[in-house]
Structures are given as C-alpha cells and as structure tokens.
Amino acid sequence: MRQTVIIIIIIFLVIPDFADASDSSNGCGIVSGKIHVWRTRVRTEGSRNDKDVIVYLRDISGNSYSAAAQTVHMDQKNLIFIPHVLPVRENTSVRFLNSDSVDHNVYLLFETNGESLDLGTWGQGKTTEYLFNEKGVVIVLCKLHLEMAAYVIVLDNPFFFKATIDKETQSGAYSIKDIPPGKYTLHSWHKKLKMKGSPAQITVEENQTTHFNITITKSKYAK
Ligand SMILES: [Cu+2]
C-alpha cells in the first residue's frame, strides 16, 4: 500500500517533466526531408559501404552557438574504423581506440589544406585523442592496413544529421531539430556523390518545420 502511494507520488512528480520535454514550442524550428539517390546506386553493406549522408546547415543569419567541448570515440575493430563516417562540431576531441589484437595506426589527411598528420601506432586497448579544431573533411587512415578508412566531418554548428541510405529504396530521411529562426544554407556530404542544387537556401521559422528533399548523384549529374 505504502509502496503504491510512493509510486503514484513519483509519477505525479515526473509527469510535468515529460510534458516539457515533448513540448516543441521552444521558439526553434525543424528542417527535414527525404534523400534520394539519382541515376546511380550506393553500396549499403560491407566495410566499404557508402550508405552515410551528412546533412548540415551553415548559418547566414549570424546566430552564435556555445562552444562544443566533448569527446567522442572512433574504434578500430576487425580491421574496420567504427563509425565509418563521424560528424562532429569544431573543438571536439576524438578518442581513437584499438580493439584488435594487432597494432593499428591512425593517419589523418585534411582535405581543406592537403596536410597530413600521423598520430602514431598502438596496440590493443590503447587510445590516442585528437582535437579537431578546424572545420572540413578529414580522412582517417591506418598505415598498417591500407583498406582501412574513415571520415571525420568537422562542422561549425550543431545543426547536422547523419542519415542512412536504405538498400532497397536507395533513399533516406533526415531531420535537424532545435534550429533558431533565421536563414541558412543546406549542404550534404557523401563519400562519392554530390547534392543536386547545392547549397540550398533554407529559411527556418519559429515552431515550424521546413521540408526540403535532397537528391544526391554523381558529380556529372549534380550541376
Ligand atoms: Cu590498422
């Protein structure tokens, strides 16, 4: 009896929080839509798959955002970097872990300036951390296993989404939430394909969802 009363009291204490959490009227907006693969197909299986698409916004209204200070992980397991594609905000530390019984190396190639950096080679259970403080695409390689590759996509605000292309439908969906009202450009990143009509102009309005569908295709069809 006493336990039931306590449980009921707890439920009453918790319910208002649930109500707040589901309330989307925080003055921010949402951008969402579908992603279609056009005139080509992406490989969705295996370690060399192309199923990941990063959809991200660039702010042209001049909103400012609190700095990211977090650590995320990238594992090396069964000779594969996991995850294969990792979107992060500027000033995020990535902790590279080796979960294999063989040594691995981590070698970074910065697409923006063509520079490279060897973080070293280490054995099972060991980690090395690296702070990604400039936006752009960084290719992650292992000098000891040339088939190993991953991508760190460094972005300058929190408005991004990692979408997955489905094997059968060759399409996916994205949704970026809690965006302050304003004008943005919408971009996408894919290992091989380009977004048709990129960048797109997007306006985000208070408590509204802006729908925008994306088509990704080979470079020659994207223009
Ligand atoms: Cu390796």
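In which sense do strand β10 and strand β11 pair, and over how many bridges? In this predicted model, strand β10, which covers residues 136–141, runs antiparallel to strand β11, residues 149–155, and six bridges join the two. One place to look for this pairing is Leu-141, which stands opposite Ala-149 of β11.

The pair belongs to a wider arrangement. Five strands make up an open sheet, and reading across it gives the order β5-β11-β10-β7-β8, with mixed pairing. At the edges stand β5 (85–89) and β8 (116–122); each has a single partner strand, so one side of each is left without a neighbour in the sheet. On average, neighbouring strands of this sheet are turned by 20 degrees against each other, direction ignored.

A second open sheet has four strands, in the order β4-β3-β6-β9, and its pairing is mixed too. Here the edge strands are β4 and β9 (127–132), each of which pairs on one side only. The average turn between neighbouring strands of this sheet is 25 degrees, again with direction ignored. Within the sheet, β3 (residues 70–77) and β4 are antiparallel partners over three bridges. Asp-75 helps to locate this pairing, since its bridge partner in β4 is Ile-82.

It is worth pausing at Phe-81, a residue of strand β4 (residues 80–82). Is Phe-81 buried or exposed? A residue counts as buried when 20 or more other C-beta atoms lie within 10 Å of its own. Phe-81 has 24 such atoms within 10 Å, and therefore it is buried. Leaving aside neighbours within four places in sequence, the contacts of Phe-81 are Met-74, Gln-76, Val-140, Met-148, Ala-149 and Ala-150. Among them is Ala-149, the residue that Leu-141 faces in β11. Phe-81 also lies 8.6 Å from Ser-47, C-alpha to C-alpha, although 34 residues separate the two in sequence.

The view can now be widened to the whole protein, which contains two helices and 18 strands. Of its 223 residues, 26% count as buried. Among contacts between residues at least 6 apart in sequence, 65% join residues at least 24 apart.

In soluble globular proteins, nonpolar side chains tend to be buried together. The largest nonpolar core in this model has 44 residues. Those with the most contacts inside this core are Ile-54, Val-55, Leu-57, Val-152, Ile-153, Phe-160 and Ile-176. Strand β11 gives the most to the core, with six residues. Both domain 1 (26–65 + 158–223) and domain 2 (66–156) supply at least three residues each to this core. Phe-160 makes a good example to follow on screen: not counting residues up to four places away in sequence, it touches Ile-54, Val-55, Tyr-56, Pro-87, Leu-155 and Ile-176.

Ile-54 and Val-55 also appear around another residue, Ser-188, which is found in strand β14 (residues 182–189). Ser-188 has 23 C-beta neighbours inside 10 Å and therefore counts as buried. Beyond its neighbours within four places in sequence, Ser-188 is in contact with Val-53, Ile-54, Val-55, Met-195, Ser-198, Ile-214 and Ile-216. Between the C-alpha atoms of Ser-188 and Ala-200 the distance is 9.8 Å, with the two residues 12 apart in sequence.

Key:
Residues are numbered from 1 along each chain as its sequence is written. This is a predicted model: local features need pLDDT of at least 70, side-chain atom pairs count only at pLDDT 80 or more; totals for chains, interfaces and linings use all residues. Two strands pair if DSSP finds at least two bridges between them. Axes are lines fitted to C-alpha atoms, for helices over the stretch in contact, and angles run from 0 to 180 degrees between N-to-C directions. A residue is buried if 20 or more other C-beta atoms lie within 10 Å of its own, exposed if 12 or fewer, and partly exposed in between; C-beta atoms are placed from the backbone. Two residues are in contact if their C-beta atoms, placed from the backbone, lie within 7 Å. A nonpolar core is a set of buried Ala, Val, Leu, Ile, Met, Phe, Trp, Tyr and Cys residues joined through C-beta atoms within 7 Å. Domain bounds come from an automatic or database domain assignment.
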